[in-house]
Amino acid sequence: MTSHTIKSVLQKAQAKLIEISDSPALDVELLLAFCLDKNRSYLFTWPDNTINEIQLAQFNDLIEKRLTDYPVAYLLGTKAFWTLDLLVTPDVLIPRPETELLVEIALQKIKDIKEPKILDLGTGSGAIALALASERPNAKITACDYSNKALEIAITNAEKNGLDKQIIFIESNWFSNIIENDYDLIVSNPPYIASDDPHLAQTIRHEPLQALVSDNSGMKDIENIIGNSKDYLKKGSWLMIEHGYDQKTQTLALFENFNYEETSNYQDIAQNPRLSIARKSTL
Ligand SMILES: C[S@@+](CC[C@H](N)C(=O)[O-])C[C@H]1O[C@@H](n2cnc3c(N)ncnc32)[C@H](O)[C@@H]1O
């Protein structure tokens with residue numbers, strides 16, 4: 001009988017994934033560690049250990065699914081974001097590392113507010129709301145989504161990370177069920193991809209469309225959020241929106257049109273302009 005060492009199994013699977021993945025080594029390591037119920041460092045420490053037939057069958061099954069471009073995070077059921085480990089299912093967008101930029105800038109802008117009141121629009125897995133809650137235990141956070149299934153995941157994530165006391169989750173079509181109007185900060189990573197964008201058919205076809213696609217070449221939800229947020233923010237408070245790499249000019253123009261002040265834009269690690277922020281007038 002052939003013995004399957006960790007090293008040989010990883011090598012074989014990696015060779016298969018090269019075709020479809022930008023990170024085949026990482027993918028296979030994460031998937032094998034998951035099947036063995038160990039962390040990745042175990043694989044590097046014990047490369048000559050053998051794995052049993054059941055573990056091998058489970059691993060091969062995951063590799064077959066991955067070969068259909070199915071995301072690793074959905075196969076594992078979890079995704080790391082900020083300092084948290086979040087449950088993810090195909091009902092929610094997989095949180096992206098780029099979104100940590102929004103969390104970072106948000107924390108800077110509320111650092112002097114003792115008990116900041118924050119609204120996260122389109123919370124999905126709860127990534128942004130939970131990251132902010134974890135850093136600011138005194139923050140009072142409202143997180144909304146119009147997807148009931150997404151909210152269930154976000155609530156589970158809040159409980160799992162011990163942050164459920166700090167966040168109120170509301171089913172809301174943007175502002176439809178938001179009652180309070182004195183937020184110190186509104187944050188959103190809304191859908192912003194145009195329906196005819198080729199990426200939809202290629203790289204992100206397994207994620208929920210309602211989390212990704214917006215009308216008006218991807219700008220409809222951004223416009224809605226910028227136009228309405230003013231009625232929900234305290235004077236002088238910040239609105240922060242993550243958007244596509246090519247939507248900076250339009251987003252900043254919308255901020256100007258709706259009379260926001262101190263507009264600025266931030267680039268992600270790949271130097272793409274992905275976050276625009278502005279302040280409601282103090283007058
Ligand atoms: C790009 S995902 C962002 C998820 C999460 N905030 C993150 O950064 O990973 C956009 C989210 O907005 C939600 N959404 C889309 N349209 C909405 C609407 N009209 N009202 C409320 N939420 C909406 C989607 O269900 C999805 O969870």
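1. Is asparagine 148 buried or exposed? The model under review is a predicted one, and in it asparagine 148 has 9 C-beta neighbours inside 10 Å, so this residue counts as exposed, the limit for that class being 12 or fewer. Asparagine 148 belongs to helix α8, which covers residues 148-160. Serine 195 stands 47 residues from asparagine 148 along the chain, and 23 Å separate the C-alpha atoms of the two.

2. On the overall layout, the domain assignment divides the protein chain into domain 1, residues 6-70, and domain 2, residues 88-279. Between the C-alpha centres of domain 1 and domain 2 there is a distance of 34 Å.

3. The largest nonpolar core has 69 residues, and those touching the most other members are Leu132, Ile186, Leu239 and Met240. Helix α7 is the element that gives the most to this core, contributing seven residues. Because residues of this core come from both domain 1 (6-70) and domain 2 (88-279), the core lies between the two domains. As general background, nonpolar side chains tend to be buried together in soluble globular proteins.

4. Helix α6, residues 99-109, deserves a point of its own, and its buried residues are Thr99, Leu102, Val103 and Ala106. These residues lie on the same side of α6, because the arc that they cover around the axis is only 100 degrees. The general geometry of an α-helix is relevant here: with 3.6 residues a turn, residues three or four places apart point the same way. The elements against which the buried residues of α6 pack are helix α7 (127-135) and the strands β6 (183-188), β7 (233-242) and β9 (273-279).

5. Methionine 240 can be read together with the preceding two points, since Met240 is among the core residues that touch the most other members. When residues up to four places away in sequence are left out of the count, methionine 240 touches Leu102, Ile105, Ala106, Val187, Leu275 and Ile277. Two of these contacts, Leu102 and Ala106, are also listed among the buried residues of helix α6.

6. Around the ligand there are 23 residues, of which Gly122, Gly124, Tyr146, Asn189 and Ala211 come nearest. By residue class, the shell around the ligand consists of 11 nonpolar, 10 polar and two charged residues. Helix α7 and strand β4 (140-145) each supply at least two residues of this shell, and α7 is also the element that gives the most to the largest nonpolar core.

7. Isoleucine 179 is a nonpolar residue worth inspecting in the loop between β5 (167-171) and β6. Isoleucine 179 counts as exposed, because the number of its C-beta neighbours inside 10 Å is 9. Although isoleucine 179 and tyrosine 232 are 53 residues apart in sequence, their C-alpha atoms are 8.5 Å apart in space.

8. Two loop residues have backbone angles that should be checked in the model. Aspartate 69, in the loop between α4 (53-66) and α5 (72-76), has a phi near 80 degrees, which is a positive value in a residue other than glycine. Having 13 C-beta neighbours inside 10 Å, aspartate 69 counts as partly exposed. Asparagine 216, in the loop between α9 (198-202) and α10 (220-229), is likewise not a glycine and has a positive phi of about 55 degrees. Asparagine 216 counts as exposed, because it has 12 C-beta neighbours inside 10 Å.

Conventions: Residues are numbered from 1 along each chain as its sequence is written. This is a predicted model: local features need pLDDT of at least 70, side-chain atom pairs count only at pLDDT 80 or more; totals for chains, interfaces and linings use all residues. Domain bounds come from an automatic or database domain assignment. A residue is buried if 20 or more other C-beta atoms lie within 10 Å of its own, exposed if 12 or fewer, and partly exposed in between; C-beta atoms are placed from the backbone. Helices (H or I, at least four residues) and strands (E, at least two) are DSSP runs, numbered from the N terminus. The arc is that of the directions from the helix axis to the C-beta atoms. Two residues are in contact if their C-beta atoms, placed from the backbone, lie within 7 Å. A residue is near a molecule or strand if its C-beta atom, placed from the backbone, lies within 6 Å of it. Ala, Val, Leu, Ile, Met, Phe, Trp, Tyr, Cys and Pro count as nonpolar, Asp, Glu, Lys and Arg as charged, and the others, Gly among them, as polar. A nonpolar core is a set of buried Ala, Val, Leu, Ile, Met, Phe, Trp, Tyr and Cys residues joined through C-beta atoms within 7 Å.
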